[in-house]
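Hi there,

Here is the structure I promised to pass on to you. Please open it next to this email, and then read on for what I found.

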Amino acid sequence: MAKKSKIISGYNPQEVLALGVQTYNSQGFVRSGDGYIKVDPNTGEKSVEVKDNKSLILDLIADNTRPSSEDMQEAQVIMDKFSGKFMLKKLQGSLTRFETSVSEAFTNDLTNFTVAVIASIPHMNVIDKVRQTITDKIEELRFKSDYFGEVRTRYDLSVEIIDVKFIQTSGVYMITSVYNDTDIIKFWWRDQPDISDIINGKTVTIRGTVLKHENSKYSKAKETMLNRVKIMGELK
């Protein structure tokens, strides 16, 4: 028989999320189970233990720490935002398993698992804001983007990288960039080392061959796909 999860009393989901906001603002996001110990490079001795966000929140709860009014307000904004998004996705039948867990965490009894889910929400919120910025940028380009170059022709060009998305099923990155603040240029990045964090948000010089022109069913814009791409250098 499976062991029943212990119910955490004295807090509601908004308060736990507010503590999650406080923790995220303090150390960023450390996934559950990914805590680590910093070691002094000079002595080799333990310097400080960095706990994952879930563990830190549970420590705050154990100490009966109450969240600030500012963090409570931020938590409410986040809950309202995602509750609205999830309701729409549920109606469309596109709610993922993780999104279902987040939605249930807002209403179910608080357990260690629920706290682990809630601990990830502030990071999820930041990612969502970034994705919305990218969506807005693509929408801005939708009516002015045009096809670049000639198919099977190789070019050197400077582009602004606006999105780097890892495609887990194929283990590659889809890079979305903009040329001349107008044309959407995309390419796959399969090479090592992984430079996604280095180029994201930067203007870089690339060399690539135009593979195809297509009107994307996702962005509804004209896009140019390159292959055999090399990163030649970063401009800024």
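**A ring to begin with**

Tyrosine 179 counts as partly exposed, because its relative accessibility is 26%, and that class runs from 20% to 50%. Before we go further, please keep in mind that this is a predicted model.

How many aromatic pairs does the structure hold? There are 4 of them. In one, phenylalanine 148 meets tyrosine 155 edge-to-face, with 4.9 Å from centre to centre and 65° between the planes. Phenylalanine 148 also pairs with tyrosine 179: the ring centres are 4.9 Å apart and the planes stand at 65°, so this pair is edge-to-face as well. The cut-off for that name is an angle over 60 degrees.

The pair of phenylalanine 148 and tyrosine 179 ties together parts that are 31 residues apart in sequence, because phenylalanine 148 sits in the loop between helix 5 (112-141) and strand 3 (154-167), while tyrosine 179 belongs to strand 4 (residues 172-179). Taken together, Phe148, Tyr155 and Tyr179 make one aromatic cluster. Are its other two members buried or exposed, or something in between? Phenylalanine 148 is buried, at 11% relative accessible area, whereas tyrosine 155 is partly exposed, at 21%.

**Along strand 4 and past its end**

Strand 4 also holds threonine 176. With a relative accessibility of 6%, threonine 176 counts as buried, because buried means under 20%. Leaving out residues up to four places away in sequence, threonine 176 touches Ile138, Glu160, Ile161, Ile162, Asp163, Ile184, Ile185 and Lys186.

The loop between strand 4 and strand 5 (183-189) contains aspartate 181. What is unusual about its backbone? Aspartate 181 has a positive phi, about 60°, although it is not a glycine. Most residues other than glycine have a negative phi, so a positive one is worth a look. Aspartate 181 is partly exposed, with a relative accessibility of 43%.

You can find a second case at lysine 220, where phi is positive and near 60°, again in a residue other than glycine. Lysine 220 is in the loop between strand 6 (203-215) and strand 7 (222-234).

**Two helices that pack**

Now please turn to helix 1 (residues 13-27) and helix 2 (residues 53-62), which pack with their axes 9 Å apart and at an angle of about 125°. That angle makes helix 1 oblique to helix 2, because it falls outside the ranges for roughly parallel, perpendicular and antiparallel. The crossing of helix 1 and helix 2 is right-handed.

Which residues make the contact? Helix 1 brings Val16, Leu19, Gly20, Gln22, Thr23, Tyr24 and Gln27, and helix 2 brings Asn53, Leu56, Ile57, Leu60 and Ile61. Sorted by type, the residues of this contact are 7 nonpolar, 5 polar and no charged.

**One last residue**

Valine 48 is part of strand 2 (residues 46-50). A relative accessible area of 36% makes valine 48 partly exposed. Although 11 residues separate valine 48 from isoleucine 37 in sequence, their C-alpha atoms are 5.8 Å apart in space. Setting aside neighbours within four places in sequence, valine 48 is in contact with Tyr36, Ile37 and Lys38.

Enjoy exploring, and write back with any questions!

Best wishes

Notes. Residues are numbered from 1 along each chain as its sequence is written. This is a predicted model: local features need pLDDT of at least 70, side-chain atom pairs count only at pLDDT 80 or more; totals for chains, interfaces and linings use all residues. Side-chain values use heavy atoms; hydrogens and water are left out. Axes are lines fitted to C-alpha atoms, for helices over the stretch in contact, and angles run from 0 to 180 degrees between N-to-C directions. Helices (H or I, at least four residues) and strands (E, at least two) are DSSP runs, numbered from the N terminus. Angles under 35 degrees count as roughly parallel, over 145 as roughly antiparallel, 65 to 115 as roughly perpendicular and the rest as oblique. A crossing is left-handed if the near helix is turned anticlockwise from the far one by less than a right angle, and right-handed if clockwise. Contact means heavy atoms within 4.5 Å. Ala, Val, Leu, Ile, Met, Phe, Trp, Tyr, Cys and Pro count as nonpolar, Asp, Glu, Lys and Arg as charged, and the others, Gly among them, as polar. Rings of Phe, Tyr and Trp (its six-membered ring) pair if their centres lie within 6.5 Å; planes under 30 degrees apart count as stacked, over 60 as edge-to-face and the rest as tilted. Buried means under 20% relative accessible area, exposed over 50%, partly exposed in between (1.4 Å probe, protein chains only).
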